[in-house]
Amino acid sequence: MTDRPELASADRIGPGARLLVTGGAGFIGSELVRQLLARRDGTRVTVLDKLTYAGNRANLAAVEADDEQAARFTFVRGDIADAAVVDPLVAEADAVVNVAAETHVDRSILDPEAFLRTGVIGVHVLLESVRVEAEKAALGERRAVPRFLQVSTDEVYGEVAEGRSVEADAFAPRSPYAAAKAAGELLARAYHVTFGLDVVITRGSNTYGPFQHPEKLIPLFTTNALDGTPLPMYGDGMQIRDWLHVSDHAAGIDFVLRHGTAGEVYNIAGGTELPNRDVIGRLLAATGRDWTLVRTVPDRPGHDRRYAMDGSKLAALGWAPKVAFDHGLPSTVAWYRANADWTASAKSGDWDAYYARQYGDRLAAGRAVDGTA
Ligand code: NAD
Ligand code: DAU
């Protein structure tokens, strides 16, 4: 036996695998869990989720309503930064998929601390737990070290004036959210290099689809448009994002979990770069509204002008996104139209206070937008 624990091999993460998915009650995490269990291949999934304002057990209702899937599913409410909760769950897992994070850039500007606690300390607690399992594997007390997949973001590259970011590019995060995500990734990479842990990292682009919390651009503007309330467009609305449907983002994570090489990073790019104005125009068309509802409001501080990633590394392994934005956007609008109760629940709790703090002064200073310009 070497003093380095055996790296997990991707083929162990096949039918019957035991997966720990943190943040599995959120937008992307719940889609991943729905996909994993719907495969009906014996995979068992434990979700560890703190149920912050962004987490919602209703996102997993389809799983819990299906007897066969529910029998392979366990939900644990808890914090990834709490080792007492994390350790026994990691001990039972063949792989840990860390989807949990504080995820909204605007909230990271209002109140950064929670981003650091979950994005840095939380990641460290998970990695330490995996390291303990690695030591057990080295002693022959378990078969292999759990694979650790860290879900990250294109925001770690910072804004990209020209071209597209490739995985080897330097980090240049510009918001507290992006800085916390970069720190989490760096820790994960360090645990691979220093302790030989089986770590893979994904960097996804801007994701949209059903079950996304209405704080983000597409669900906020969709639900406000359906309600006939103003749409607060930051600045000139010419910021560019690369849109990725949530089913593709989750499928990309799952693909890297099974086929990624330890120590490697993989961009999951959407392949649909659009300025916000264009997205807003399409949302207005899909909701039957016009530009009179849109206000240009004071910009987000440090607002990244453009994100763009090169997805060729994953494409070379045989993976590509499937959902075209032309189809995904109207179907997402249709989902929000049909799920007003879900939106009402997401816009409860601290929502009104958050909305007043984030948009009160901005909307008061807002101006009409010429949609033809
Ligand atoms: P989300 O905000 O919808 O969900 C986050 C989930 O994590 C929630 O269920 C929340 O309760 C849970 N959570 C937060 N802190 C926790 C903690 N300390 N312990 C346990 N659970 C905790 O987020 P999302 O949009 O689904 O994003 C998921 C992941 O994907 C994040 O890591 C994010 O950085 C990354 N990502 C998101 C996008 C995007 O456009 N949404 C794009 C690229 C990468
Ligand atoms: O790029 C990946 C990232 O995408 C993820 O890592 C983040 O978790 C996710 O929140 C998202 O970050 P963005 O800041 O790009 O997403 P958001 O939906 O907040 O904003 C998208 C664009 O829309 C951005 O240019 C800001 C703009 N916007 C957003 C809101 C909420 C507005 O103009 N008005 C708004 O009210």
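A polar contact is a pair of N or O atoms within 3.5 Å. With that cut-off in hand, the views below can be read one by one. The model shown is predicted.

**View 1. Polar contacts hold the oxygen atoms of ligand 2 to Thr103, Asn206 and Arg241.**
Start with Asn206. An N or O atom in its side chain is 2.5 Å from an oxygen atom of ligand 2. That distance falls within the 3.5 Å cut-off, so the pair counts as a polar contact. Arg241 also uses its side chain: one of its N or O atoms is 2.7 Å from an oxygen atom of the ligand. Thr103 uses its backbone instead, with an N or O atom 2.8 Å from an oxygen atom of ligand 2. On its own, ligand 2 has 680 Å² of accessible area, and the protein covers 95% of it.

**View 2. A shell of 24 residues surrounds ligand 2.**
The closest residues are Asp154, Tyr177, Asn206, Arg300 and Tyr359. Which elements each supply at least two residues of this shell? They are α5, α8 and β8.

**View 3. Ligand 1 sits among 29 residues.**
Ile28, Asp49, Thr103, Tyr177 and Lys181 are the closest. Tyr177 places a side-chain N or O atom 2.6 Å from an oxygen atom of ligand 1. Lys181 has a polar side-chain atom 2.7 Å from an oxygen atom of the ligand. Ile80 works through its backbone: a polar atom there is 3.0 Å from a nitrogen atom of ligand 1. How much of the 840 Å² that ligand 1 exposes when taken alone does the protein bury? The protein buries 97% of it. Elements giving two or more residues to the shell are α1 (27-38), β5 (147-153) and α7. Strand β5 gives the largest share, three residues.

**View 4. Helix α14 has a kink centred on Gln358.**
The helix runs through residues 351-364. Its kink is about 40°. At 1.5 Å a residue, its 14 residues should span 20 Å. The end C-alpha atoms are 18 Å apart, which agrees. Gln358 is also one of the buried residues of α14. The others are Trp351, Tyr354, Tyr355, Tyr359 and Arg362. Their cover includes α5 (105-110), α8 (217-227), β8 (231-234), β13 (294-297) and α13 (340-346). Tyr359 appears again in the shell of ligand 2, where it is among the closest residues.

**View 5. Helix α8 is mostly covered.**
Of its 11 residues, eight are buried. These are Ile218, Pro219, Leu220, Phe221, Thr222, Thr223, Asn224 and Ala225. What lies over them includes β7, β8, α10 (276-287), α12 (325-338), α13 and α14. Just after the helix comes Gly228, with a positive phi of about 75°.

**View 6. Phe211 and Leu51 have positive phi values.**
Most residues other than glycine have a negative phi. Phe211 is not a glycine, yet its phi is near 70°. Where does Phe211 lie? It is in the loop between β7 (207-208) and α8. Is Phe211 buried or exposed? Its relative accessible area is 17%. Buried means under 20%, so Phe211 is buried. Leu51 is another residue that is not a glycine, and its phi is positive at about 55°. Leu51 is found in the loop between β2 (44-49) and α2 (61-64).

**View 7. Helix α6 has a kink centred on Gly122.**
The kink is about 25°. Helix α6 covers residues 113-138, which makes 26 residues. From first C-alpha to last, the helix reaches 36 Å. That is close to the 38 Å expected at 1.5 Å a residue. Gly140 follows the helix, and its phi is positive, near 75°.

**View 8. The side chain of His192 meets the backbone of Leu197.**
His192 is found in helix α7 (residues 176-195). A polar atom of its side chain lies 2.7 Å from the backbone oxygen of Leu197. Beyond its neighbours within four places in sequence, what does His192 contact? Its partners are Leu197, Val199, Ala262 and Gly263. Helix α7 also belongs to the surroundings of ligand 1, giving two or more residues to that shell.

Note on methods: Residues are numbered from 1 along each chain as its sequence is written. Chains are lettered from A and ligands numbered from 1 in the order in which they are written. This is a predicted model: local features need pLDDT of at least 70, side-chain atom pairs count only at pLDDT 80 or more; totals for chains, interfaces and linings use all residues. Side-chain values use heavy atoms; hydrogens and water are left out. Helices (H or I, at least four residues) and strands (E, at least two) are DSSP runs, numbered from the N terminus. The expected span of a helix is 1.5 Å times one less than its number of residues. The bend at a residue is the angle between axes fitted to the seven residues ending there and the seven starting there. Buried means under 20% relative accessible area, exposed over 50%, partly exposed in between (1.4 Å probe, protein chains only). Contact means heavy atoms within 4.5 Å. A polar contact is a pair of N or O atoms within 3.5 Å; within protein, one must be able to donate a hydrogen and the other to accept it, and residues adjacent in sequence count only if both atoms are side-chain atoms. A residue is near a molecule or strand if one of its heavy atoms lies within 4 Å of it. Accessible areas come from the Shrake-Rupley method with a 1.4 Å probe; for residues, only the protein chains shown count as cover.
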